[in-house]
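User: I would like to learn how to read helix burial and salt bridges in a model. Please take me through one.
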Amino acid sequence: METAPVTVPVLLPLALPAPYDYLVPDGARVEPGQFVVVPLGPVHYIAAVWRRPEGEEPPKIARKKLREIVEILDDVPKLPTVSLDFADWVSNYTLTSPGMVLRMMMSARSAFEPPAPRYGVRLSGPPPERMTPARARVLEAAKNGLSWVKSSLAEAAGVSPSVIDGLVDAGTLVAEPLPDWHAMPLDLARKRATLNPEQTEAATELLKHTGGGFAVSLLDGVTGSGKTEVYFEAIAQCLERGQQALVLLPEIALTGQFLARCEERFGARPAEWHSGVSPSMRGRVWRAVAENKAKLVAGARSALFLPFPDLGLIVVDEEHDQAYKQEDRVAYQARDMAVVRGHLGHCPVVLSSATPSIESLVNADQGRYRHIRLGTRYKAASLPAIQTVDMRKNPPERRHWLSPVLIEEMAATLERGEQVLLFLNRRGYAPVTLCRKCGFRFECPNCSAWLVEHRFRHRLECHHCGKFMPIPHECPSCGAEESLVACGPGVERIAEEVAEHFPEARRVLLSSDLTPSISELRETLREIEEREVDIIIGTQLVAKGHHFPGLALVGVVDADLGLAQGDPRAAERTFQLLSQVTGRAGRDAIKGRGLIQTYMPEHPVIAALVAGDRDTFLDREIAARRDAGLPPFGRLAAILVTAGSREAAEAYAREVARAAPEAEKIQVLGPAEAPLSVIRGRYRFRLLVKATREADLQTYLRVWLAQAPKAKGDIRLTVDIDPYSFL
DNA sequence: AATTCTTCGTTT
DNA sequence: AACGAAGAATTC
C-alpha cells in the first residue's frame, strides 16, 4: 500500500486567502516558521512553512497538483511560533490576507540572502612611508586600536574611503572580518540613581507590572516629567532577565536625541528600525532580532512585525500619536497591535504619553490597563503658562498672520537670548492660489483639492497625489498677468513674515517636505538643541518627541485649523497636538510660555489648554463618545469603494450596502461620497459600519463581503477596521 | 504577484 | 477565421 505523501502548509507573501500545501522532499524535515523556496505556477517564491489548524485534515487537493518544496533555507532564522500566531491574528482582525501580513514580516529582503561577510580595518602596522595630512587624520582617528567599519572610519577622519584602501595596501591598517552583529555591552546599573523621588515612585509601581507576563500599563505624565527615564527602568529590568525589549516611536521621533539617551542609560545604542535604515542594515537587524542577538530595538510601527523570539517588553512611546495608524496596504493600529503582540507573547506592554488617547484612558479607567500618573504634583510649576491671543481683538496686519501681541512677546524672548518656536500645521507657502481678475483657483486635476504653493521649490503641489506644476505668470483661465495671489498662510509664508520682523535672528524652517531624510532632520534638531538657532518655524514635525532646552516661547499661529471639520476625533487630536507643541516650551531652567492665536478662545479645546485642565475636557469627550456609541464604547469599520468613474463607484457602493445582512448589534451607514471625493483620479465612496463592543464585527464583515457582488473592472474595495481618518 | 485563460471586439 | 487587447481566474 502506498504511503500518504508528506505535505505541509506554506504561506506565500502574496494576497492569497490561505496557505498552500507543498510536498516535503524525501528525508527532509521542516518546521513551522522555516523559510523555504516553493514554486507557484512558473515562478519561485520565498515563503514560510505554516501550520495546519488543530484537527484539520491535510490535503484536499488533487495529488497531481501538489508540487515539492524546492529549497529549505536553513541559513535564514525561522519565524518564532509567536510570530505565526501574531500574523494569523492580525490577518483575521484586519481582514487582510495572511500572506500580506507575512510580507510585512519579511520586509528586509537582504535577510534572506546569505549575509555578505563584512570587513573592518584596524591599526596594526608601522606608519606608511609616504605620510599625507589625510593619512595622518586616519591614523589619529584609528589610534584606539579598535576595528572600524571602513566607511565610518573614513567619515570620522573626514577622508574618502580610498585613503583607507591606500593605508591597507601600505600595511598600516589591516582588514579583518567583523562579527555579523556586535553584541551590545549592556551596563544596566549605570544611571539608576538619577531618578527624582516622583520618578522613583512611578518606576517602582511600573516595575510591579512589567516583571513578566502580560499586563498593560499606561504611563501618563506631563511633558518634561521624565517618562522616558521611568520606562527605561522597565527596559533595564527586561534586559536583566535576558529578554529582548522593543521601543516603538512615531517615525519622526526616532531622533539622535532619543538614541543618545538610550546609549547614556544602557551603554549602547539600540538597533534601529525605520524607513531610513539601509537595505543591508535592515537585513542585519532582522537576523539579529530573529537570532536573539539584538536585545534592544527602537523602531517605527513596522518594528512590531520583527521576528522576536524572546520579547520581554514592548514600550509604545507617544501612544496617542496618529502615526501609529497605518492606512495603506494592511490597515492596522500599531498601538493596539502592540497590546495584542504582548498578549500572544505573554509579555508586558507600556503605553506612554503626556496626552493619552481616549481609548487608553478608558481602558485604564475600566481596569484593563494599570494607570501610572507622573508629574501631576508639579503640574503648576513645570507646565508652560498658556494664554490665548484673541485674533478678533488683536488682528494681524493685512496679508500677515502674526498678531502684534505675539510679535512683541517674540521680541522680548529673543532679547533675553531664549528661543522661540512658531507652529503652524500647514506645509507650503499658501494653501490656495487664485486669480484676482477672474476668480480662478488652481485645483489638482486628479484630486478634489487645491494646489498648494511651495515657494521654495517654485511650484504648486497637490498634497494628496504628489502632482506638481511650475507657478505660471499668467492666469490659465483669463490670461491676465500678475493677477495671481496666494491666499492664506503656510509655514513658508510665516517664515517670510518672521524674516520681515526679525531679520537679524537665526531662523530655521522645519517641514517634512523640506527635510526629507531622517539624518538631515537629526542634524537640524541638533543645531537647535545647541542653540545655534533663535526662531524655529515648523509643522507638526516639531511637536514630536524632541526637547529643546533653550526654548521659552511657543506661538501657535492658527489653533482653529484642526477644529473645523466634522471629524469625531478632531477635538481630541487638536488638544493632543497643541498640548504637545506648547509643552516643548520651558524645560530645564527656563520658564516657558505658550501663546495660542485663535478666533474662538471660548472653544472647549482652547479653554482646556489655557486652564491646563486636561481631565475635565477629556471627561466630556469620553462622555460624548459613550453617548454616541463611538470607540472605545463601540466599534467602527470603514469600507472605501473607489473607481475611475463616479457612477461606477457609487453604484457598486450601493450594491454592497444593499447586500449587508440584518444584525441587531450592527448598523451600516452610507454610502456617502467621501469628503475628499477624488484622489489620484479615483472617485471615492464610504460606508461606515458601527457596532457595539460585543458584536463580532470581523465575522459579520466576512460573511457580508463574501456574499456581496464582486468588484468588477477598476472598482476597488478596502476595509479599514478602527478607522482614524474620515476623509 | 505573475502568468495563463476567456472574452469580446476588430480586422482581413 | 484570425488576431489582439483587456479582464478574470488561477496558482498547492
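Analyst: What follows covers one helix and then some salt bridges. This is a predicted model: local features need pLDDT of at least 70, side-chain atom pairs count only at pLDDT 80 or more, and totals for chains, interfaces and linings use all residues. Residues are numbered from 1 along each chain as its sequence is written, and side-chain values use heavy atoms, without hydrogens and water.

User: Which residues of helix α5 are buried?
Analyst: Buried means under 20% relative accessible area, exposed over 50%, and partly exposed in between (1.4 Å probe, protein chains only). Helices (H or I, at least four residues) and strands (E, at least two) are DSSP runs, numbered from the N terminus. In α5 (residues 161-169), Val163, Ile164, Gly166 and Leu167 are buried. They lie on the same side of α5 because their arc around the axis is only 155°, taken from the directions from the helix axis to the C-beta atoms.

User: Where does the chain take a positive phi just after α5?
Analyst: At Gly171, with a phi of about 85°.

User: How many salt bridges are there?
Analyst: A salt bridge is a side-chain nitrogen of Lys or Arg within 4 Å of a carboxyl oxygen of Asp or Glu. The whole structure has 39. One of them pairs Arg455 with Glu496, the closest N and O atoms being 3.8 Å apart. Arg455 is in the loop between β21 and β22 and Glu496 in helix α14, so the pair ties together parts 41 residues apart in sequence.

User: Which residues form one network?
Analyst: Arg427, Arg457, Arg459, Glu461 and Asp513, joined by salt bridges that share partners.

Methods: Chains are lettered from A and ligands numbered from 1 in the order in which they are written.
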